[in-house]
Amino acid sequence: MQELLKRKKGLHRSVLIVDDEFIEREILGEMLKNDYSVRYAENGAQALAMIRENKLTLSLVILDLHMPELDGYSLLQIMRADSELRRIPVIVLTSEAGAEVKSLQLGAADFITKPYDMPDIIRARVSHAIELAEDSIIIHEIERDPLTGLFNKEFFFEYGKRLDQQNGHMKMDALVMDINRFRIVNELYGKQYGDLVLKKIGCSIHELVERSGGLACRYDGNCFYVYLPHREDLSEKLPDYIARMSELLGDRKITVRMGVYSDDGEELDMERRFDRARLAERKLRNSYETRFNFYNAELHSKELHAERLINDMEQALAEKQFRVYYQPKYNIQGTKPVLTSAEALVRWFHPEFGMVSPGEFIPVFEKNGLIQKLDRYVWNEAAAKIAEWHRTFGFYLPVSVNVSRVDVFNPQLGDILCEIADRNGLSAENLLLEITESAYTDNSRQIIDTVSALRSRGFRIEMDDFGCGYSSLNMLTSLPIDALKLDMNFIRNICTDKKAYKLVAIMMDIAKLLEVPVIAEGVEIRAQMDLLKDLGCDIIQGYYFSKPLPAEDFDKLLTAEREAKEHAYN
Ligand code: C2E
Ligand code: MG
Ligand code: MG
């Protein structure tokens with residue numbers, strides 16, 4: 001803000017005086033010429049041309065109301081209707097009673113009455129009008145997203161909360177709008193086209209809030225928040241609105257999805273309303289058919305459940321309710337499958353809910369940072385287990401642990417992992433690190449730096465859920481990784497669906513290009529394994545070999561493994 005205010009100082013401002021009377025122009029010009037660069041126009045039409053030509057540099061127009069060709073009222077109206085000229089303040093010159101009110105109503109900043117007698121007052125009014133207009137531009141710049149002209153998120157919440165305080169009784173609906181697969185739009189058609197799409201959507205939202213009296217912001221990248229006075233018929237109106245927006249976009253490939261929280265009188269604060277709208281919006285990800293979704297009772301009970309999990313987490317850690325399971329991974333390229341490593345997968349044995357699967361609580365903990373604590377717990381457990389197996393069986397079985405996307409932002413990540421390895425007498429390569437592909441696409445620079453640092457300390461990185469994160473080939477070639485882990489959705493149908501098979505074959509080719517081994521997860525049947533083996537897949541993890549096992553059961557598996565080995569040597 002300070003920076004922006006400084007910009008005002010030292011500007012050479014220019015003022016345009018518009019009057020058909022030569023002598024009047026001269027008197028005013030004399031008063032102002034020491035402080036401003038003064039220009040003159042004799043009539044409205046000439047003035048309009050000059051204003052258009054100098055729209056970026058002109059600080060003020062002083063306008064006589066009665067002139068031939070185009071009078072002052074009409075010029076004022078033209079300027080107010082033009083979004084580029086609207087910012088230039090206008091002071092009108094009047095001599096008749098009543099004209100002041102009319103010109104102020106038309107958007108004049110101030111008025112000066114003829115005949116001019118007090119130069120100081122006139123100079124003060126001119127300077128005041130310019131200052132006010134410049135302040136409002138600066139405020140506008142700070143408050144708004146430059147691309148769409150909508151509020152930025154800070155001011156959006158600030159004004160929204162003020163609105164709620166002033167109109168405590170008024171019901172407000174929250175709407176979260178996102179563009180489906182916007183990353184792909186940007187990648188395929190270029191950033192400029194992406195920006196155009198955002199601008200058009202911004203325009204359409206602008207119109208919506210102008211009509212219904214709410215406010216809106218570009219929340220981030222391609223997500224918009226809209227806060228509107230409550231309407232009972234919102235669900236009937238939304239399809240029309242979406243249709244109008246599609247028309248405006250003129251591109252059927254680009255679609256939006258909306259999550260809506262409709263005010264039911266619960267008196268939530270603004271942030272909670274948007275959390276709920278966001279939740280409703282999230283449900284639509286990956287379902288491109290449905291365009292909008294209302295927050296409802298089912299989502300509400302899920303939200304309560306999530307809150308419960310968050311509340312119970314600390315105690316659960318202290319009471320060791322979380323248990324780490326291990327799922328073996330086998331190398332299948334030889335004549336017989338060979339156990340090469342395992343993946344540590346956490347489960348929660350909740351005193352009330354029984355066993356809760358990570359698919360339920362991990363996404364909840366990822367949203368609020370709690371995941372970091374849990375991950376660290378799992379890493380410690382896994383490292384202790386590797387050391388224990390070494391003591392019992394005489395060999396190190398590497399274990400891969402999941403590293404969440406928030407962990408990647410922790411500058412201490414490398415130190416934490418090294419400390420865990422050291423404390424358990426392990427070398428870094430015993431702990432394999434699984435990082436999901438979408439973390440790479442979301443913040444590629446950060447992750448490349450983090451991962452490179454981890455690799456230089458000896459850790460090996462496996463890219464988890466490969467195929468789901470829309471990495472571009474170009475990006476993949478520059479990524480520091482040691483293995484690709486195919487997402488299990490691709491494996492599910494490889495035996496029955498030719499396309500699925502081809503897709504896996506392509507991914508195997510990508511891995512060859514990158515010169516990294518491939519791990520296929522979710523392999524449930526022999527036929528899947530055979531196909532994958534033929535395609536050159538190195539390692540397999542899945543129910544075909546074993547489900548994730550509690551540590552005691554994994555001990556048994558290792559015992560059997562050792563016995564088989566001894567048997568082979570005898
Ligand atoms: P993931 O890392 O991709 O883990 C693989 C998931 O696939 C596991 O689900 C595993 O049980 C399941 N799976 C393995 N083989 C098969 C199979 O043949 N068929 C089927 N249908 N499923 C199979 P799980 O344990 O429910 O974990 C789900 C996700 O939760 C994991 O996906 C991972 O993203 C996350 N997760 C689990 N444990 C942790 C953890 O300690 N920390 C973090 N950050 N995330 C974890
Ligand atoms: Mg994993
Ligand atoms: Mg996975």
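The legends below accompany close-up views of a predicted model.

**View 1. The magnesium ion (ligand 2) and its four coordinating residues.**
In this predicted model, the magnesium ion (ligand 2) is held by Glu-343 and Glu-434, each through OE, together with Asn-402 through OD1 and Asp-464 through OD, at 1.9 to 2.4 Å. Read along the chain, these donors follow the spacing E-x58-N-x31-E-x29-D. The pair of Asn-402 in strand β14 (residues 399–403) and Asp-464 in strand β16 (residues 460–466) links distant parts of the chain, the two residues being 62 residues apart. Asn-402 is partly exposed, with a relative accessible area of 26%, whereas Asp-464 is buried, with a relative accessible area of 7%.

**View 2. The magnesium ion (ligand 3) and the residue that it shares with the magnesium ion (ligand 2).**
Coordination of the magnesium ion (ligand 3) comes from Asp-464 (OD), Asp-465 (OD) and Glu-521 (OE), at 1.9 to 2.7 Å, and these donors follow the spacing D-D-x55-E along the chain. The two ions, ligand 3 and ligand 2, are 3.9 Å apart, and Asp-464 coordinates both of them. Because Asp-464 lies in strand β16 while Glu-521 lies in strand β18 (residues 518–521), the pair ties together parts of the chain that are 57 residues apart in sequence. Glu-521 counts as buried, at 10% relative accessibility.

**View 3. Strand β11 and its hairpin with strand β12.**
Strand β11 (residues 322–331) is largely enclosed by the rest of the structure, because eight of its 10 residues are buried. Strand β12 (residues 338–350) runs antiparallel to β11 and is joined to it by 10 bridges, and the two strands form a hairpin with six residues between them. Within this pairing, Tyr-325 has Leu-345 of β12 as its bridge partner.

**View 4. Strand β11 with strands β19 and β20.**
With strand β19 (residues 539–541), β11 pairs in the antiparallel sense over three bridges, and here Tyr-330 stands opposite Ile-540. With strand β20 (residues 549–550), the pairing is likewise antiparallel and extends over two bridges, with Leu-549 of β20 as the bridge partner of Tyr-326.

**View 5. Cys-217 and Cys-223, which are not joined by a disulfide.**
Why is there no bond between the sulfur of Cys-217 and the closest cysteine sulfur, in Cys-223? The sulfur of Cys-217 is 7.9 Å from that of Cys-223, which is too far for a bond, because a disulfide requires a pair of cysteine sulfur atoms within 2.5 Å. Seen from the other side, the closest cysteine sulfur to that of Cys-223 is the one in Cys-217. Both residues are buried, Cys-217 at 0% relative accessibility and Cys-223 at 1%, and the structure as a whole holds zero disulfides.

**View 6. A nonpolar surface patch made by Phe-22, Ile-23 and Ile-27.**
Together, Phe-22, Ile-23 and Ile-27 make a nonpolar surface patch of about 300 Å². One of these residues, Ile-27, lies in helix α2 (residues 22–32), and at 38% relative accessibility Ile-27 counts as partly exposed.

Key: Residues are numbered from 1 along each chain as its sequence is written. Chains are lettered from A and ligands numbered from 1 in the order in which they are written. This is a predicted model: local features need pLDDT of at least 70, side-chain atom pairs count only at pLDDT 80 or more; totals for chains, interfaces and linings use all residues. Side-chain values use heavy atoms; hydrogens and water are left out. Buried means under 20% relative accessible area, exposed over 50%, partly exposed in between (1.4 Å probe, protein chains only). Patches are made of residues with over 30% relative accessible area and no salt bridge: like charges are joined within 9 Å, nonpolar side chains (Val, Leu, Ile, Met, Phe, Trp, Tyr) within 5 Å. Accessible areas come from the Shrake-Rupley method with a 1.4 Å probe; for residues, only the protein chains shown count as cover. A salt bridge is a side-chain nitrogen of Lys or Arg within 4 Å of a carboxyl oxygen of Asp or Glu. Helices (H or I, at least four residues) and strands (E, at least two) are DSSP runs, numbered from the N terminus. Two strands pair if DSSP finds at least two bridges between them. Donors are N, O and S atoms within 2.8 Å of the metal (3.2 Å for Na, K and Ca); water is not among the atoms, so sites may look incomplete.
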